[in-house]
Amino acid sequence: MGIQIISISHKIAPLPIREMFAFTKEQQESMMRDMTAYPGILECVVLSTCNRTEMCVYAESEKEGEVFGRMEEVLLKEAGVREEDDVGKYLLFYAGQKAVHHLFGVAAGLDSMVIGEDQILGQVKSAHNQAREAGTTGVYLNTLFRMAVTGAKKVKTKTELSKTSVSTATLALKVAEKELGTLKGKKVLIIGASGRIGGIVLMNLQALHQAEIFVTTRRNKVISTKHGNNDFSMIEYEERYDYLDEMDVVISATKSPHYTFTYNNMKKRLVTQKPRVFVDLAVPMDIEGKIGNLPDTFYYNIDDFTRIAKENNQKKIKEAENASEILGEYELQFLQWMVFQKSLPVMARVRENFLEVAEKKGVEKAFDHLFYWVRENNTPQALENFFECLDH
């Protein structure tokens with residue numbers, strides 16, 4: 001009985017496996033409804049990002065293995081996993097206090113490829129809101145996600161973790177700068193600039209005030225940044241190959257189910273000999289990886305950032321420890337609340353009994369009766385803990 005989570009993430013699952021579990025909003029809603037239709041499973045939230053998929057449920061069932069089995073069944077079915085596919089070894093299972101601890105860490109960015117990255121908090125909030133709109137959450141997961149978000153916000157304001165956080169969007173520019181020496185005067189093409197990750201790449205690139213920026217658009221759709229800083233050129237998505245040869249950097253971050261750039265088409269258009277960097281931030285992948293085999297061509301995808309992220313993460317270990325202390329306080333508050341919430345029916349019966357005895361025999365006798373009941377129905381250790389709490 002309680003909170004249970006199945007996680008597929010960058011921690012142990014390679015990119016091809018994560019791609020299988022990169023679900024659309026419609027798929028997420030379908031899975032949440034399938035889960036809550038199952039006897040004993042009352043609430044469900046599904047989070048799906050480029051680096052992780054998390055299914056979180058609250059179940060009244062005492063059969064933990066049965067609940068996990070149902071969760072796994074729904075996830076694998078939606079991912080199109082065949083019986084012969086050996087993907088079970090990439091699933092991480094969390095229950096009870098460990099599940100609570102895991103979600104708090106995810107929301108605060110402590111479980112991310114880049115420790116402290118900012119995007120995950122918004123993604124957790126969006127997943128929770130989506131579940132609320134779908135009607136698949138209730139008092140337990142609503143409270144869990146609300147407190148996880150609150151704890152994550154405090155981590156961002158009380159530690160240096162968020163102030164020094166480096167997202168994959170930022171790393172994309174760092175690797176491009178490293179390979180080319182500088183981005184000053186370079187031509188950079190962004191595919192998917194209207195999306196969450198692509199938009200961050202665009203704003204970060206604008207802040208450098210160095211590169212000549214190009215973004216693709218469909219059907220003359222206007223792309224604007226939050227601050228109205230539109231110092232970039234827009235080109236039709238269908239004409240992207242026509243501009244490819246003059247580009248120094250190509251960054252793609254779409255939700256497309258197919259390649260935005262294929263190897264054969266790129267090879268035909270790349271005529272000018274010069275160093276180029278291709279960065280693929282999408283899951284499933286946007287850019288066919290064989291492009292990295294061409295001379296003077298550098299290719300990075302999400303998995304390539306693991307090593308870079310680790311180097312950055314070493315600098316944040318101390319701040320992560322401070323963050324864990326903050327989150328620990330919120331985790332404790334949630335677990336206390338959950339025990340209290342589950343005990344409301346018991347408390348109601350005790351209160352009713354107390355008032356009944358008090359009415360017949362007086363308050364002192366009612367207290368004697370209550371303490372006698374506590375003594376007879378608890379272990380010595382539980383009694384010791386109970387009276388220590390009363391003494392505080």
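A pocket is taken here as an open set of grid points, where a 1.4 Å probe fits, with protein on both sides within 12 Å along at least five of seven lines. In the present structure, which is a predicted model, the second largest pocket holds about 620 Å³ of space. Its lining is formed by 17 residues, and those that lie nearest the centre of the second largest pocket are F340, S343, M347, V374 and F386. Two or more lining residues are contributed to this second largest pocket by each of the helices α12 (317-342), α13 (344-361), α14 (363-376) and α15 (380-391), with α15 giving the most, namely five residues. When the lining of the second largest pocket is divided by class, 13 residues are nonpolar and four are polar, whereas no charged residues are found.

The largest pocket encloses about 1100 Å³ of space, and its lining comprises 41 residues, of which G195, R196, A253, T254 and K255 lie nearest the centre. In terms of class, the lining of the largest pocket consists of 17 nonpolar, 17 polar and seven charged residues. At least two residues of this lining are supplied by each of α2 (25-36), β2 (41-48), α5 (119-134), α8 (196-208) and β6 (212-217), and among the elements that line the largest pocket, α5 gives the most, with five residues.

Strand β6, one of the elements that supply at least two residues to the lining of the largest pocket, is itself mostly covered, since five of its six residues are buried. On one side of the pairing pattern, β6 is joined to strand β5 (residues 187-191) in the parallel sense over four bridges, and within this pairing L189 has F214 of β6 as its bridge partner. The connection from β5 to β6 passes through α8, and the resulting β-α-β crossover is right-handed. The helix of this crossover, α8, is likewise among the elements that each supply at least two residues to the lining of the largest pocket.

Strand β6 also pairs with strand β7 (residues 233-236), again in the parallel sense and over four bridges. In this second pairing, F214 stands opposite S233 in β7, so that F214 takes part in bridges with both L189 and S233.

Methods:
Residues are numbered from 1 along each chain as its sequence is written. This is a predicted model: local features need pLDDT of at least 70, side-chain atom pairs count only at pLDDT 80 or more; totals for chains, interfaces and linings use all residues. Side-chain values use heavy atoms; hydrogens and water are left out. On a 1 Å grid over the protein atoms alone, a cavity is a set of points where a 1.4 Å probe fits but cannot get out, and a pocket is an open set with protein on both sides within 12 Å along at least five of seven lines; lining residues have an atom within 4 Å of a point. Grid points are joined across faces, edges and corners, and a volume is the space filled by probe spheres set on the points. Ala, Val, Leu, Ile, Met, Phe, Trp, Tyr, Cys and Pro count as nonpolar, Asp, Glu, Lys and Arg as charged, and the others, Gly among them, as polar. Buried means under 20% relative accessible area, exposed over 50%, partly exposed in between (1.4 Å probe, protein chains only). Two strands pair if DSSP finds at least two bridges between them. A crossover is right-handed if, with the strands pointing away from the viewer, the path from the first strand over the helix to the second runs clockwise.
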